[in-house]
Every structure is written in C-alpha cells, then in structure tokens.
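Reader: I am new to this structure and should be grateful for a close look at a single part of it. Please describe the place where the ligand is held.

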Amino acid sequence: MSAATTIAGLSVSPGRTLAKAFILRPDPLDAAAHVGAGPAGSESVQDGIERFAAASDLAARQLRELAERVRPGLGDDKAAIFEADIELLADPEFAEAILARIRAGAFAAAAVLDACEEHARKIEKLPDAYLRERAADIRGLGRRLAANCLGLSPDAAAPQEGEFVIVARDLTPAEVALLDPEQVAAIVTEAGGPASHAAILAASLGIPAVVGAAGATTLIRSGDLVLVDAFCGRVWINPPPELAAAFAAGLDPQGGDGPADARPQPALTQDGTRVALLANIGSAGEAVRAASRGAEGVGLFRLEFMYLGRNQPPGEEELTAALAAALAAMDGKTVDVRVLDAGADKDLPYLDIARAQNPAFGLRGVRLAAARPDIFLTELRAVLRAGVSGRARLLLPMVTDVSEVRLFRDLLAQAAAGLDAEGIPRAADVPVGVMIETPAAVFLAGQLAREADFFSIGANDLTQYVLAAGRDDEAVAAGYDFYHPAVLAAIKATVGAAGAVPVGVCGEMAGEVDGALILIGLGVRTLSMSPGRLAAVRQAVRLHSREDLARLAVTALTLESAAQVRRSLRALDA
Ligand code: PEP
Ligand code: MG
C-alpha cells in the first residue's frame, strides 16, 4: 500500500469516515501574508476606497446568507450572531476608521485588519462581559473583509451539499453547536482535549472527532479527501485508492475491529450484576438518538447547551418544551436534568458575570445561583412542568457545600409554590441529585448523602480538581488522567460514603470501555455516556465478572500512577 500523509490525534468521539475537508476559519495569518505583500500591482487611495466598499457590500451579502442558512434549523438567536456583524458594517464610525487608514496610505486589506484589531482591543477592555465577548467577532469580521479585499474566500470553499470533515485549529462549544450534524462527517482539530465541552458536544451529536491533531490546518487543505478514523485517532490526507477502497468495503484501515453494533441487551456481568447504561445529552433531539441506541434513561442532560450561541437565556416555555420532548423520547425512563453549568469553559456573556480570574475556580455551576436565582427558578419551573409527563430528576453541578443543596431545595419549593399559585400543573416530586466533582464533595459525601436523592460523579471535573490539571489545558494534558489512582480513590470513597444513596458516573470515563469496567469494579452500578458509546460498553460489561472487576479495582487502588493502572487494565483484554 502506498504511503499517505497521516496525522495522529486523540479520538474523542468514535466513528470512521471518508470525506472532503473543509477548513473552518482559515488561519488569519494566511490573509495577513497576502496583506503584507499587498494586492497585485499598486493600490491608489481611490482603488483602496473602492476595494473596501466592494468588500463591505460583499461581506454584508455573505453574512445575510449565513444568517438565513442557520435560521430555519437553529433559530433566530443563532442567526443574530451574523446580524450583529451586518449592523457593524453599516456603522459610519466603523467605516471611517478604515477609510482614514486608506487615505493615510494603507492598503485596503491592511487597513481593515488594523482598524478591526484596534476596535477589538478597545472592546476587550470594557467592563461589560457581553460587549467584551464581541472582540472575537470583530476580528472575525476583519478577516472576512480582508479576505474579500484580496479576492479570497473568507469561508473557504464551503460545500453547498454533501458531507465534509471540519478541520480547525480549535472549536468553541458554540461553534460546534452551530455545525449541522447532517453535513459534518467528522471534526479534526489541532487543539482540545477529551473532556473539552466541544469534544463532548461532538460526541453527543454523534460526530466522529479527533482532537490534538498537530498541523491539521496546515497539512490539510479545503477540498482534500481525508479519511478520519476516530476509533484510533488517525487522519489520512488524500489516502491512496487502496486505502479508500478498504474503507468503502467497511474494513478498518489499521486492520483492527470496529465497534459492535448497538443492541439493547441488558448490561449484565458474567456473574449477573446489573449495570444501568444511560445517556449524556445536550438537546431534546439527542434523547431520540439515545433511546434508539438502547439508553436506559438520560443520566445527564447538559442544559447549558441550550444557552449557547444566543443573546439571552432560553425562556420557561422553550425549556419546558425541550424537557417534555426529552421525557417523551425516553418513554417513562428517568431524565436527569442538570441545572445550568456555565461559567467555566462555557462563558455566557449575557449573564453579565465578571470574567473570573480562573474560570475553573470561579462562579460556575450552582455557585451562579446566588448571582442569578432567576435563571435557576425558570429552569426549576420548567423541570416541574415537564415532569408531569415523565420521570424528571434534577442534578446540581459543582457542589462543594451542603448549603448549596439546601438552597436548591428551597428554590425548588419556591418554584412549585409559584406554579401552584398560578394553577399550572406540575410534577409532585422531583428528586434532587448532587454531582460529585470537587474534592470537597468527595470529603463531604457522607453529609451530602443526607441531603441528596442520588449522586452522579462528574469524573471530568473531579479529575481536574483532584489532579490540579486543567481539563482543556494542552500543557498539562499528560497529567490529566481519569485512571490516576488518586481519582479512583476519590470515586471509591464516594461510593463508600454514599451508603444507600445510588451513585452513578457521568464523566467521559464512564463511556470508555476500560473506564466503565474499573468503575464497576469500584462499586458503581450506573454509567452515563455519549449515546455513541453505549454499544461498546454494553458489550464489554457482558464479557467480565463483577468479581474480576472488583479485584482489578482493588489492585488499581494500590498502584502508583495512571500509567500503571492502564497497564493493569490491559491484562483484562489478554
Ligand atoms: C463532569 O464533570 O464529569 C461532567 C459530566 O460534567 P461536565 O463535563 O459537563 O463538566
Ligand atoms: Mg462537570
């Protein structure tokens, strides 16, 4: 087989695909390189002014098209992202800042980039968090205008139809939310880690994704054919025909096995221990997918995904409708609705909360309730209302103190009383679960168990807080590892302190075959994961006995490092 250029990365959402690449947000430096050289030939002041005017008209048309493209599927809020740029283009002050530079001798493209950069820097200093967040938009608009000035395509050659592989340096959760899963065959990014929300969202949308693919945006060009194997984290650029043919025949390009098909058999260990396999979702639509893959309920509905890419939070009606749809899809099975967990990697500018010095340690999760009880009351009303037609439960993120659980129980009672006073039907009882994702919650698990109806261990955050290694920080990616014995010890301690309170795990670890197995060994009986992982985990559970897994966990707790734990897990496959 002839050699092809390949890039290794980390698989964060399984799948395999062969499709044309589309470079999202071409590197602005590409445009800057053209700008430095100037346009072909010289550009008089008059040429520059005309070039800018044409570029601005074209940008307005492009942005209007983008707004109209997203509106039907994603609604007015997401279309508004582009409309804000159109408004800025029409602002005479904005145009004048560019024209002044052109009159002073700058090429149009350089004038645009320079003026937008200056504007963005000013905005970044504003006290208002929403406006500050617009700095990135201004820079994006500058790149679009500069590309238009230079006759380049600002959106690369976006295919109008068919599937394509999105290649980017990095993607924010909002950008992933804006992708059309029907058109995206896979995602390949240079940055990002397995527990970044962009990765998690890709997994829950069922889009195969490889992150940490160094050099992807320089080695791959829009239109290249790429084979993405997001089972093993490898990307082939313009693969040779024999490799493409092997893919088309359904073979693993590496010669290994693909994942098993979803089969809704019960997840029973060889010695008859029942493990509940639930789904993590970020939208009501995903509940349908989760149900079709045999999910026994939703263990984590990340409500915050409904808050991304818009200018204001969703209202009670919208939330109620989404939750009712998820409950209907789950057809009587439980749906654990996590109240808004914003503030760490998911900054919601419209909440107008001052940017934390260290967002992972800032005003995130239930801590936001003190600043914005209105947001949570709206959610609680929606959960109570939707709960009339199914089994909704609440899940509280980032708990560090018993008082936080009590505060939410009070808010829940307040929401229920309000609905009763208005004569609006509601669920009689909504159980309240606590996410165990901080060391404080682990140490207080005994006390929290007296306040909570169930626990759900957020292994993604628990790992970052136990190991003091940021989950999205590439520099410490090697140190961020769920298999570290300290993380396993924290999970073991939680299970022990929980007593009769049921304990599940909903971090990414629960959806990794080895992670699921060791969690069962540690005594966890409920695992919640991206729907795409259910089949492989179900199959693995059925191959092992609880007794063997418990022995494995006991040994793992005595080991010194994540590497040693991973090696001990290999023995299971032998
Ligand atoms: C977790 O922290 O493990 C978790 C499930 O929540 P999130 O990834 O959304 O922080
Ligand atoms: Mg978390």
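Author: The following paragraphs describe ligand 1, its surroundings and the cavity.

This is a predicted model, in which local features need pLDDT of at least 70, side-chain atom pairs count only at pLDDT 80 or more, and totals for chains, interfaces and linings use all residues. Residues are numbered from 1 along each chain as its sequence is written, chains are lettered from A and ligands numbered from 1 in the order in which they are written, and side-chain values use heavy atoms, with hydrogens and water left out.

Ligand 1 is surrounded by 16 residues, each having a heavy atom within 4 Å of it. The closest are Arg302, Arg338, Gly458, Asn460 and Arg471. The shell comprises seven charged residues, five nonpolar and four polar; here Asp, Glu, Lys and Arg count as charged, Ala, Val, Leu, Ile, Met, Phe, Trp, Tyr, Cys and Pro as nonpolar, and the others, Gly among them, as polar.

Oxygen atoms of the ligand lie 2.7 Å from a side-chain N or O atom of arginine 338, 2.7 Å from a polar backbone atom of asparagine 460 and 3.0 Å from a polar backbone atom of alanine 459. Such polar contacts are pairs of N or O atoms within 3.5 Å. The protein covers 100% of the 290 Å² of accessible area that ligand 1 has on its own, by the Shrake-Rupley method with a 1.4 Å probe.

Helix H9 (197-204), strand S11 (298-302) and helix H19 (459-467) each give two or more residues to this shell, and H19 has the largest share, with three. Helices (H or I, at least four residues) and strands (E, at least two) are DSSP runs, numbered from the N terminus.

Ligand 1 sits in the largest cavity, meaning that more than half of its atoms lie within 2 Å of the grid points. A cavity is a set of points, on a 1 Å grid over the protein atoms alone, where a 1.4 Å probe fits but cannot get out; lining residues have an atom within 4 Å of a point. The volume of the largest cavity is about 70 Å³. Of its 15 lining residues, Arg302, Arg338, Glu437, Asn460 and Arg471 are the closest to its centre. H19 gives the most to this lining, three residues.

Notes:
Polar contact = N/O pair within 3.5 Å; in protein donor to acceptor, adjacent residues only side chain to side chain. 1 Å grid on protein atoms, 1.4 Å probe; cavity = no way out; pocket = protein on both sides within 12 Å on 5 of 7 lines; lining within 4 Å. Points joined across faces, edges and corners; volume = space filled by probe spheres on them.
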